[in-house]
Amino acid sequence: MAEGRNVLPTGEYYNPNVSQYQQIYRRSIDDPEGFWSEHLNILDWFQKPTRILDDSNPPFYRWFVDGKLNASYNALDRHIKGGLRNKAAYIWVAEDGGEKIITYDGLYRRVNNLAKALLNLGLKKGDRIVIYLPMILEAPVAILAAARIGLIFSFVFAGFGAGALAERIRASGARTVITADGGYRNGKVIELKKIVDEALAETSGVDNVIVVRRTGHEVEMEDGRDIWWHEIVGDGVNYVPPEPLDSNDPLYILYTSGTTGKPKGALHGNGGYSVWVANTLKWAFNPSPDDRWWCAADIGWVTGHSYIVFAPLFLGLTSIIYEGSIVYPSPDRMWEIIERYRVNILYTSPTAIRTLMRYGEKYPKMHDLSTLKVLGTVGEPINPSAWKWYYDNIGGGRCPIIDTYWQTETGGFMISPSAQLGLPPLKPGSATFPMPGVDPVVLDEDGREVPPEIKGYLVYRKPWPGMFLTLYNDDDRYVETYFSKYKGMYYCGDYCVKDSDGYFWLLGRADEVLNVAGHRLGTIEIEDALINSPEVAEAAVFGRPDPVKGEVIVAFVVIKEAYEADTEIINKLRSRVRKTLGPIYVPEEIHVVKGLPKTRSGKIMRRVVKAVALDQLPGDVSTLENEATVDEVKKAIELFKKEASENEG
Ligand code: WT7
């Protein structure tokens, strides 16, 4: 493999003894009982589990049976008692440069106060609550308050539009929503409260909306429904006892895109998930107590749930939370924050790296980045040239790059180098080896293990503690999506190659799911949003490889005869997608055609549209009904390229 050149980092902050990792890994597979009965002690339990794993009802695996614990207790109370009361939990950096530092004690007080207010509203264990907040301290406060009293929270990324939010409110059955008047992005206000109002106009069942004042701009407050956070959350001293939750009581639902128009609600539990995120953060990044950890993801995605909120707090670390855009007000924003706060570990996405790389080395060179000792990436495969840039220009050739491969469903890292357990020589673009307890294998279509260097599907043969409990309210889809392609084994939906040294290389999605800037988006959701526009008769959406974002969204639409297929319509469609699903879903290109390739049974052949548009071989077209449409697609692309080159010239 051309990219297979090994890199040996020169820093001192990792354990170079890869054979130690191998030993620990072996033990985790050979003696899971023994291994996990030790590693569950990374948390405090109100009651220790009586069994490590109940696998009597596969694939509904239940970890740490009969164990009782509370995530908020583990994130806060035990540190307050254990000597970290005055340590900074978060250094929050506002987009306008302001900062707030909150100690463990301060966070504890705020979480108790909100928990009290939520109880006063009548919320109780098992109730769902939707959190739709920007990157402000109230986000972790809301998560921890919910966890404290046993509510099941569902955080909706603040970049989602009203339609996507409404769908998640309905699907979770939440009666309470926590939001803010707005959030800041690129110096502008995103009107979150307004989006909540739009979502609630088409959804019933929500009794209360709690609104944080962040921007201070005027918002409408509906009498009897909407409440200001600061009016119900006191700043006094309250103590709300942490609910002793069962290890397999749900902690949260996080919706993620699948291959239908309906998002999947990954339901995570308390015990297995918490043990998993705490251990994996330690193994992969080896943070020491005095480090400053910066996971630059959004709290609304699983990366933020696991590695901004839960794991770093479980470990008693100090994290940076940055409110805004990484290029605002200038492309050195991240490097400036690293210098100002002397950050030691940076964990970000390949898209962010490629975006900043485009601005050139001049920006990182403006700052002292010498405090960095470990770097990480997540969300999509990292191409070797971005890896190299990150390694040289940000890590100064000292810092190992921890390429963590995982998913919303897995709760935490699955395949990743282990800076703490023993780091292997790194190969740029490979996530290297499995975390302890993870048993990956690369299979072909028929379930046979493929030889080294051959592409196949990544599958896990064994359950692991961080795995989700099910899809919320949809056990059948859980079994069908993840455990039916290969009976009894978890299918990730990703292509993978294991090289001849045993390194795993993740090669992108094998299903109709896109990965745009590290965000998982469903093609069908976008097609649905387009088809729900009165002007659109048919739509096909797919991803085009992109040097910065990994993939960008391309749509082909057929416009109904009654409408003029002009740029005005295209703009209308763009804004409709933005409004329903959110800005990240807006197609980069929308092409109008008279017809789309279909099978005789009338199914749109997205695969053929994509191949033709990307100038690839269309594969099997024996079921294609209307061949002329292939030329339509070709013509549309040629026209687009011509216009693009004219605009450039
Ligand atoms: C999908 C999961 C995990 C948190 C962020 C995304 C892709 C993720 C890597 C990586 C190659 C990666 C996969 C996966 N992915 N990390 N290090 N190398 N691909 O979470 O939205 O659940 O998406 O992201 O395709 O299936 P998600």
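Which of the 18 residues around the ligand come nearest? The legends below take up this question and then turn to other parts of the predicted model.

In this predicted model, local features need pLDDT of at least 70 and side-chain atom pairs count only at pLDDT 80 or more, whereas totals for chains, interfaces and linings use all residues. Residues are numbered from 1 along each chain as its sequence is written, and side-chain values use heavy atoms, with hydrogens and water left out.

**View A. Residues around the ligand.** D403, T404, T408, D494 and R520 come nearest among the 18 residues around the ligand, where a residue is near a molecule if one of its heavy atoms lies within 4 Å of it. A polar side-chain atom of T408 is placed 2.6 Å from an oxygen atom of the ligand, and an N or O atom in the side chain of R509 lies 2.8 Å from an oxygen atom of the ligand. The backbone also takes part in this list of distances, since a polar backbone atom of P381 is 3.5 Å from a nitrogen atom of the ligand.

**View B. Domain 1 against domain 2.** The chain is divided into domain 1 (2-497) and domain 2 (512-648), with bounds that come from an automatic or database domain assignment. The centres of the two domains, taken over C-alpha atoms, are 32 Å apart. In contact (heavy atoms within 4.5 Å) are 27 residues of domain 1 and 24 residues of domain 2. The two domains bury about 1,800 Å² between them, 52% of it on carbon and sulfur atoms; buried area is the accessible area (1.4 Å probe) that two parts lose on being put together, summed over both. S257, T259 and W301 supply 25% of the area that domain 1 buries against domain 2, more than any other three residues.

**View C. Polar and charged pairs between the domains.** Between domain 1 and domain 2 the count is 1 salt bridge, a term that stands for a side-chain nitrogen of Lys or Arg within 4 Å of a carboxyl oxygen of Asp or Glu. The side chains of E409 and R520 meet in a salt bridge, at 2.8 Å from N to O. Across the interface, 13 residue pairs are in polar contact, both residues at pLDDT 80 or more; such a contact is a pair of N or O atoms within 3.5 Å, and within protein one must be able to donate a hydrogen and the other to accept it, while residues adjacent in sequence count only if both atoms are side-chain atoms. On the side of domain 1 that touches domain 2, the elements giving two or more residues are α6 (162-172) and α12 (350-358), helices being DSSP runs (H or I, at least four residues) and strands likewise (E, at least two), numbered from the N terminus.

**View D. Backbone exceptions.** Most residues other than glycine have a negative phi, and most peptide bonds are trans. P58 and P59 are joined by a cis peptide bond with omega about 0°, and P59 is found in the loop between β1 (51-54) and β2 (62-65). F64, in strand β2, has a positive phi near 55°.
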